[in-house]
Amino acid sequence: MTSLAVFSPEDYTLATIAALTLASTRSTALVVDLDSRQQRWCGGRSLRHLVDEGPTGVDLRPVRSGVALLGNGGVEPYEARDILDALIGRWENVVLLLPGDLDVPVPSVPIRPHADPTLLTPFIRPAVYVRTGWSGPPVTPGPLVRRPSTSAVQRLMAGGLPAPGRWVRDWSAVWDIPWQ
């Protein structure tokens, strides 16, 4: 079982795009939004519901291949620790979408724009860098992935997944890096 958490010190939208793209590189994956201020993906059961009512067997394992999304519904990550442990233990691939650099029970991957360091939040950990057009070296060690196409971003923001291609393949390698 493989699980990662992602966050961006600069841009929550970039972290959201990263979480969905990472999940789309696997045949089956669950993305869990840990930002209690967000209400996206809450059309059905949410993390808040699982904390309040308890998970069912269907919640704890995939019933089909593809990417499943679990919205937050207004619960803080520390309140959901037992539920997160259960999901991580039963799903083959889990991506936790963090609102910041939080303490979670899986490796945490910073997602950063590849930009002039004077424009970025000071940071020393390895990260995934998303190309922005700047040609300098990344600020810290970590892979440099292609910039997403406009259509990929539009699909992701509309609730879809990116089409398979080079950009998605770039993200596939992120799972294999020994993050801390």
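**Aromatic pair, core and pocket**

Two aromatic pairs turn up in a search of the whole structure (ring centres of Phe, Tyr and Trp, taking the six-membered ring of Trp, lie within 6.5 Å; planes under 30 degrees apart are stacked, over 60 edge-to-face, the rest tilted). This is a predicted model, where local features need pLDDT of at least 70, side-chain atom pairs count only at pLDDT 80 or more, and totals for chains, interfaces and linings use all residues. Residues are numbered from 1 along each chain as its sequence is written, and side-chain values use heavy atoms, with hydrogens and water left out.

Student: What kind of aromatic pair do W167 and W171 form?

Tutor: Both sit in helix 5, four residues apart, about one turn of the helix (helices are DSSP runs of H or I, at least four residues; strands are E, at least two; both numbered from the N terminus). Their centres are 6.4 Å apart, and with 80 degrees between the planes the pair is edge-to-face.

Student: Are W167 and W171 buried or exposed?

Tutor: Buried means under 20% relative accessible area, exposed over 50%, partly exposed in between, using a 1.4 Å probe and protein chains only. By that cut-off, W167 and W171 are both buried.

Student: Which element gives the most residues to the largest nonpolar core?

Tutor: Such a core is a set of buried Ala, Val, Leu, Ile, Met, Phe, Trp, Tyr and Cys residues joined through side-chain atoms within 4.5 Å. This one has 28 residues, and I111 and W171 have the most contacts inside it. Among the elements giving two or more residues are strand 5 (108-114) and helix 5 (166-172). The top contributor, with eight residues, is helix 1.
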